[in-house]
Amino acid sequence: MEKIKDSELILNPDGSVYHLNLKPENIANDIIFVGDQDRVEAITKYFDSAEFSTQKREFKTQTGTYKGKRLTVISTGIGPDNIDIVLNELDALVNIDFATKTVKPNLTNLNIVRVGTSGSLQENIPVDSLLMSAFAIGTDNMLRSYSLQDVTNQAIEKAFVNHTNWDLSKGLPYVVAADNNLLNKFKSDTVFEGITVTAGGFYGAQGRILRLQLNDEFLNDKIDSFEFEGIKATNLEMETAAIFGLSKLLGHKALSLNAIVANRKNGTFSTNPYATIDKLIQFTLNKIIG
Ligand code: URA
């Protein structure tokens, strides 16, 4: 087995992985991702017990049990670039032997559920509702660094590029599905389902104009009228496609749940986003133990 060079898999002096500050024994197989480091405790306050807590930069991790199930909650910070760090380092924690820096012969699959916030593109998906991503379209390019063709849905990719008349100087969007078992496990009449568009930024990349002109000012209108086999493009956020793509490439299972805090169609923002996020947290914890 080939040894991974020290420059490629960087460990801290205490043996923990470089950015996340974690050792293999610190994480559970079931992991909840949040963006905001302050949201980690908004979840773990519901735990029966806590066993571990650490933070480096925006990456805060807590592990404990909820109704007897061992869970890890980790904050990823914002955006696909951070997801690249978090998913590669979590995978290294379970699938690379840190003593020999070689890939383990038997690989571990993690279950990853993102609990995030998002902006709806549809009038009928109001602020304070919950939404589960069946597919994600990545417009951010991070995942294009990897060899992708085995995990992407090229039919949706092509339809999206045609429908939006996508400017290919921005890179080719990629489409990845949620894990089907997790999608079925979390299905609920109280949660919308749709195609999530992951952007590489919050303002221009999501069509927000403050002072700068956009590459395509009609892009959001074209996205919100996109549908594939009856599933509509429903929401914009900044992590899901990267989580789906890297999870599929590495053999992990991923789902993305969104608290809708903004409605881009009617220009509204939630007056109490924390309550909506708490509703999503309680929904997630109940489903995760099911
Ligand atoms: N997060 C985003 O990335 N966009 C929104 O509109 C709301 C939350």
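1. Start at the N-terminal end of helix 3, which is capped by Asn153. In this predicted model, a side-chain oxygen of Asn153 sits 3.2 Å from the backbone nitrogen of Ala155. At the other end, Asn165 comes just after helix 3 and has a positive phi of about 50 degrees.

2. Now the body of that helix, residues 154–164. The buried residues in helix 3 are Ile156, Glu157, Phe160, Val161 and Thr164. Looking down the axis of helix 3, you find its buried residues within an arc of 130 degrees, so they line one face of the helix. The general background is that an α-helix has 3.6 residues a turn, so residues three or four places apart point the same way. Lys158 and Asn162 are exposed, on the other side of helix 3.

3. What lies over the buried residues of helix 3? The cover includes strand 8 (130–138) and strand 9 (174–177), along with helix 5 (219–224) and strand 11 (227–228).

4. Next, a helix pair. Helix 2 (residues 80–95) packs with helix 6 (residues 240–250) at an angle of about 25 degrees, and their axes are 9 Å apart. Angles under 35 degrees count as roughly parallel, so helix 2 is roughly parallel to helix 6. The two cross with right-handed geometry. On the helix 2 side, the contact is made by Pro80, Ile83, Asp84, Leu87, Asn88 and Asp91; helix 6 supplies Ala242, Ile243, Leu246, Ser247 and Leu250.

5. Asn26 deserves a look too. You'll find Asn26 in the segment before strand 1 (30–34). Its relative accessible area is 10%, and under 20% counts as buried, so Asn26 is buried. Leaving out residues up to four places away in sequence, Asn26 touches Phe52, Thr63, Arg70 and Thr72.

6. Two loop residues for your backbone check. As a rule, most residues other than glycine have a negative phi. Arg57 has a positive phi, near 50 degrees, and is placed in the loop between strand 2 (49–56) and strand 3 (59–66). Arg57 counts as exposed, at 61% relative accessibility.

7. The other is Asp128, with a positive phi near 75 degrees. Asp128 is in the loop between strand 7 (111–120) and strand 8. Is Asp128 buried or partly exposed? With a relative accessible area of 27%, Asp128 is partly exposed.

Technical notes
Residues numbered from 1 in each chain as written. Predicted model: local features only at pLDDT ≥ 70, side-chain atom pairs only at ≥ 80, totals over all residues. Heavy atoms only, no water. Buried < 20%, exposed > 50% of the residue type's maximum accessible area, 1.4 Å probe, protein only. Helix = DSSP H or I, 4+ residues; strand = E, 2+ residues; numbered from the N terminus. Arc of directions from axis to C-beta. Contact = heavy atoms within 4.5 Å. Polar contact = N/O pair within 3.5 Å; in protein donor to acceptor, adjacent residues only side chain to side chain. Axes fitted to C-alpha atoms, helices over the stretch in contact; angles between N-to-C directions. Parallel < 35°, antiparallel > 145°, perpendicular 65-115°, else oblique. Left-handed = near helix turned anticlockwise from the far one by under 90°.
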